[in-house]
Amino acid sequence: MGANVPQHIAVIMDGNGRWAKARGKARLSGHRAGTDALERILGYCSDAGVKYLTVYAFSTENWKRSKEEVSGLMKLLSAFVKGKEKMLVKNKVRFRVIGRRSDLSEKLQREIAGLEERTANFERQLIVALSYGGRAEIVDAAVKFAHVVGKGGLPADVHEAERLFASCLYAPDVPDPDLLIRTSGECRISNFLLWELAYTEFHFTDTLWPDFSREDFDRALESYAHRERRMGGRLETK
Ligand code: IPE
Ligand code: IPE
Ligand code: MG
C-alpha cells in the first residue's frame with residue numbers, strides 16, 4: 001500500500017447516458033455497463049487499500065427522469081443487491097445505503113436491509129447513495145437534531161453542537177471522503193454529500209463512467225497523493 005492513499009473515496013458515476021448514445025444504444029444499456037464499472041472500482045479500491053467507497057447511484061432529482069429510465073434503474077439496483085452478495089461476501093465488503101430509502105419500493109427496501117444485515121460485520125464498506133440528496137440529508141439531520149435537542153437540550157459549546165448535528169447524518173460513523181471523483185467532464189457536485197465534502201479533494205475526469213479503468217483510478221490516486229491538505233490550518237514548514 002503506497003503512501004497517501006485515501007481512506008474514503010466518493011464517486012459521482014456520471015456519463016452512462018452519453019456512453020450509450022455514442023454506441024446507438026438505449027440509456028439503460030449505459031447504466032448496465034455502469035454497474036460493471038462499479039464492480040471493477042470496488043476491486044481497485046481493495047487492491048489500493050481504500051476502506052470506504054461511496055457511490056452516487058440515484059439522486060433525489062433523478063426521479064424527474066422518464067418512467068422507463070427510473071424503473072429500469074430500480075430493476076438494475078435490485079439485480080445488483082440480489083446478484084452481488086456472493087461477490088461482496090467473498091471480498092469481505094459491507095454494503096450500506098444512504099438516502100431517502102422510504103422513496104424506494106418496499107421490496108427493494110427489504111432486499112437492501114437483508115444485504116446490509118448479512119454483510120454488517122465486514123470492515124471495508126461500499127456505501128450506495130440511493131434517492132440521495134445532500135440537501136435532503138441535511139434536512140433529515142435537522143429534523144433528527146431537533147428531536148434530540150428537544151429532549152436533551154442544545155449543547156452550550158458550538159463545536160459540541162456541530163458534533164451532535166453531524167451524528168444525525170445518514171452514516172455518522174463513516175469518516176468524510178478524502179477524495180471525490182466525478183466522471184464525464186461535468187465539474188459540479190449535483191447535490192452529493194454537501195456536508196461531508198467540506199474538505200474533500202476533487203478529481204474530475206472526462207472519461208465516461210462505463211469506461212472508467214484502472215488507469216483512470218490510478219491517475220486519480222496519483223493526483224491525490226500530491227495534494228497538500230491543510231484543512232484550514234497553516235502550512236507546516238520544516
Ligand atoms: C449517471 O449517468 C447515472 C445516473 C444519474 C443514474 P447519466 O444517466 O446521468 O448519464 P449522462 O449524464 O446522461 O451521460
Ligand atoms: C448525478 O448525476 C447523479 C448521479 C450520478 C447518480 P446527474 O447526471 O443526475 O447530474 P446533473 O443533472 O448532470 O447535474
Ligand atoms: Mg448525468
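Where is the place of arginine 40? In this predicted model, arginine 40 has its place in helix H2. Is arginine 40 buried, exposed or partly exposed? Arginine 40 counts as partly exposed because its relative accessibility is 30%, and the band between buried and exposed runs from 20% to 50%. Sequence distance and distance in space tell two separate stories here: arginine 40 and phenylalanine 212 are 172 residues apart along the chain, yet their C-alpha atoms are separated by 8.6 Å.

Helix H2, which spans 27-48, also turns up around ligand 1. Together with helix H1 (16-22) and helix H3 (67-83), helix H2 is on the list of helices that each supply at least two residues of the shell around this ligand. The largest share, 3 residues, comes from H1. There are 13 residues around ligand 1, and the ones that come nearest are Asp14, Gly17, Arg18, Arg27 and Arg65.

A few contacts of ligand 1 can be picked out atom by atom. For arginine 18, a polar side-chain atom lies 2.7 Å from an oxygen atom of ligand 1. Arginine 65 also takes part through its side chain, where an N or O atom is 2.7 Å from an oxygen atom of the ligand. Asparagine 16 joins in with its backbone instead: one of its backbone N or O atoms lies 3.1 Å from an oxygen atom of ligand 1. How much of ligand 1 does the protein bury? Taken alone, ligand 1 exposes 370 Å², and the protein buries 86% of that. As for location, ligand 1 sits in the largest pocket.

Asparagine 16 deserves a second look. This residue is found in helix H1, and it counts as buried because its relative accessible area is 11%, with the cut-off for buried set at under 20%. While the backbone of asparagine 16 faces an oxygen atom of ligand 1 at 3.1 Å, its side chain makes a polar contact of 3.1 Å with the side chain of histidine 31.

Now for ligand 2. Where does ligand 2 sit? Ligand 2 sits in the largest pocket. The residues that surround ligand 2 are Ile12, Met13, Asp14, Tyr56, Ala57, Phe58, Asn62, Arg65, Arg182, Arg188 and Ser190. Strand E2 (residues 52-59) gives the largest share of this shell, with 3 residues. Looking at single atoms, serine 190 has a polar side-chain atom 2.6 Å from an oxygen atom of ligand 2. For arginine 188, an N or O atom in the side chain is 2.8 Å from an oxygen atom of the ligand, and for arginine 182 a polar side-chain atom lies 3.4 Å from one. On its own ligand 2 exposes 390 Å², of which the protein buries 77%.

Tyr56, listed above among the residues surrounding ligand 2, also belongs to an aromatic cluster with Tyr132, Tyr170 and Phe192. How many aromatic pairs does the model contain? The count comes to 10. One of them joins phenylalanine 145 and phenylalanine 165, with 5.4 Å centre to centre and 65 degrees between the planes, an edge-to-face arrangement. This pair links distant parts of the chain: phenylalanine 145 is in helix H6 (residues 134-152) and phenylalanine 165 is in helix H7 (residues 158-166), 20 residues apart. Both phenylalanine 145 and phenylalanine 165 are buried.

How values were computed. Residues are numbered from 1 along each chain as its sequence is written. Chains are lettered from A and ligands numbered from 1 in the order in which they are written. This is a predicted model: local features need pLDDT of at least 70, side-chain atom pairs count only at pLDDT 80 or more; totals for chains, interfaces and linings use all residues. Side-chain values use heavy atoms; hydrogens and water are left out. Rings of Phe, Tyr and Trp (its six-membered ring) pair if their centres lie within 6.5 Å; planes under 30 degrees apart count as stacked, over 60 as edge-to-face and the rest as tilted. Helices (H or I, at least four residues) and strands (E, at least two) are DSSP runs, numbered from the N terminus. Buried means under 20% relative accessible area, exposed over 50%, partly exposed in between (1.4 Å probe, protein chains only). A residue is near a molecule or strand if one of its heavy atoms lies within 4 Å of it. A polar contact is a pair of N or O atoms within 3.5 Å; within protein, one must be able to donate a hydrogen and the other to accept it, and residues adjacent in sequence count only if both atoms are side-chain atoms. Accessible areas come from the Shrake-Rupley method with a 1.4 Å probe; for residues, only the protein chains shown count as cover. On a 1 Å grid over the protein atoms alone, a cavity is a set of points where a 1.4 Å probe fits but cannot get out, and a pocket is an open set with protein on both sides within 12 Å along at least five of seven lines; lining residues have an atom within 4 Å of a point. A molecule sits in a cavity or pocket if more than half of its atoms lie within 2 Å of its grid points.
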